[in-house]
Amino acid sequence: MLYATHEPELTDFYAGLGFTRPRDGIGIPSPLGFICHGPIKGFRFSVKPLRTGVRMQAMPTPYGRQLVLRGVLPEPVR
């Protein structure tokens, strides 16, 4: 996964390169829980998967609704 923090005026530039801008934050499920990151005041961030098998899904998390990246780390067994 490639993650970029940028100024708001660069959002279209990164979108043109295949990045997705999560509105509320991103989360990565791991065996120990979620690794989460929220917005930074004055900046935006965008993400892009760099390998097959990584997918993005908007869903509720313990930290609010976030774009959850699956396939980055092993997920907990339920």
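## Aromatic cluster

Phe 13, Tyr 14 and Phe 19 are linked into a cluster by ring pairs. Please keep in mind as you look around that this is a predicted model. In total, the structure holds three aromatic pairs. One of them joins Phe 13 and Tyr 14 in an edge-to-face arrangement, with 5.2 Å from centre to centre and 80° between the planes. The pair earns that label because an angle over 60 degrees counts as edge-to-face.

Is Tyr 14 buried or exposed? Tyr 14 counts as buried, with a relative accessibility of 18%. The cut-off matters here, because buried means under 20% relative accessible area.

## The nonpolar core

Which residues make up the largest nonpolar core? There are six: Ile 26, Ile 28, Phe 45, Val 47, Leu 67 and Leu 69. Three elements each give two or more residues to this core, namely strand E2 (26-30), strand E4 (44-48) and strand E6 (64-70). As background, nonpolar side chains in soluble globular proteins tend to be buried together.

Ile 28 is a good place to start exploring the core. Setting aside residues up to four places away in sequence, Ile 28 touches Met 1, Gly 33, Phe 34, Ile 35, Leu 69, Val 72 and Leu 73. Among these, Leu 69 is also a member of the core.

## Val 47 and its neighbours

Val 47 sits in strand E4. Val 47 counts as buried because its relative accessible area is 1%. Beyond the neighbours within four places in sequence, Val 47 is in contact with Met 1, Leu 2, Tyr 3, Gly 18, Phe 19, Thr 20, Pro 22, Ile 26, Met 56, Leu 67 and Leu 69. Phe 19, on that list, also belongs to the aromatic cluster.

Met 1 deserves a second look. Along the chain, Val 47 and Met 1 are 46 residues apart, yet their C-alpha atoms are separated by 6.8 Å.

## A nonpolar patch on the surface

Turning to the outside, Met 1, Tyr 3, Ile 40 and Phe 43 make a nonpolar surface patch of about 320 Å². Within this group, Tyr 3 comes from strand E1 (residues 2-6). Tyr 3 is partly exposed, at a relative accessible area of 30%.

Where is Phe 43 placed? Phe 43 lies in the loop between strand E3 (33-37) and E4. Phe 43 is partly exposed too, with a relative accessible area of 39%. Leaving out neighbours within four places in sequence, the contacts of Phe 43 are Thr 5, His 6 and Glu 7. The C-alpha atoms of Phe 43 and Leu 67 are separated by 17 Å, with their positions 24 residues apart along the chain.

## Thr 61 and Pro 62

Two sequence neighbours round off the tour. Thr 61 is part of strand E5 (residues 55-61), while Pro 62 is in the loop between E5 and E6. Thr 61 counts as buried at 13% relative accessibility, whereas Pro 62 counts as exposed at 66%. They receive these labels because buried means under 20% relative accessible area and exposed means over 50%.

Apart from neighbours within four places in sequence, Thr 61 is in contact with Phe 34, Gln 66 and Val 68. Thr 61 and Gly 25, 36 residues apart in sequence, are 10 Å apart in space from C-alpha to C-alpha. For Pro 62 and Cys 36, which are 26 residues apart along the chain, the C-alpha separation is 9.7 Å.

Terms used:
Residues are numbered from 1 along each chain as its sequence is written. This is a predicted model: local features need pLDDT of at least 70, side-chain atom pairs count only at pLDDT 80 or more; totals for chains, interfaces and linings use all residues. Side-chain values use heavy atoms; hydrogens and water are left out. Patches are made of residues with over 30% relative accessible area and no salt bridge: like charges are joined within 9 Å, nonpolar side chains (Val, Leu, Ile, Met, Phe, Trp, Tyr) within 5 Å. Accessible areas come from the Shrake-Rupley method with a 1.4 Å probe; for residues, only the protein chains shown count as cover. A salt bridge is a side-chain nitrogen of Lys or Arg within 4 Å of a carboxyl oxygen of Asp or Glu. Helices (H or I, at least four residues) and strands (E, at least two) are DSSP runs, numbered from the N terminus. Buried means under 20% relative accessible area, exposed over 50%, partly exposed in between (1.4 Å probe, protein chains only). A nonpolar core is a set of buried Ala, Val, Leu, Ile, Met, Phe, Trp, Tyr and Cys residues joined through side-chain atoms within 4.5 Å. Contact means heavy atoms within 4.5 Å. Rings of Phe, Tyr and Trp (its six-membered ring) pair if their centres lie within 6.5 Å; planes under 30 degrees apart count as stacked, over 60 as edge-to-face and the rest as tilted.
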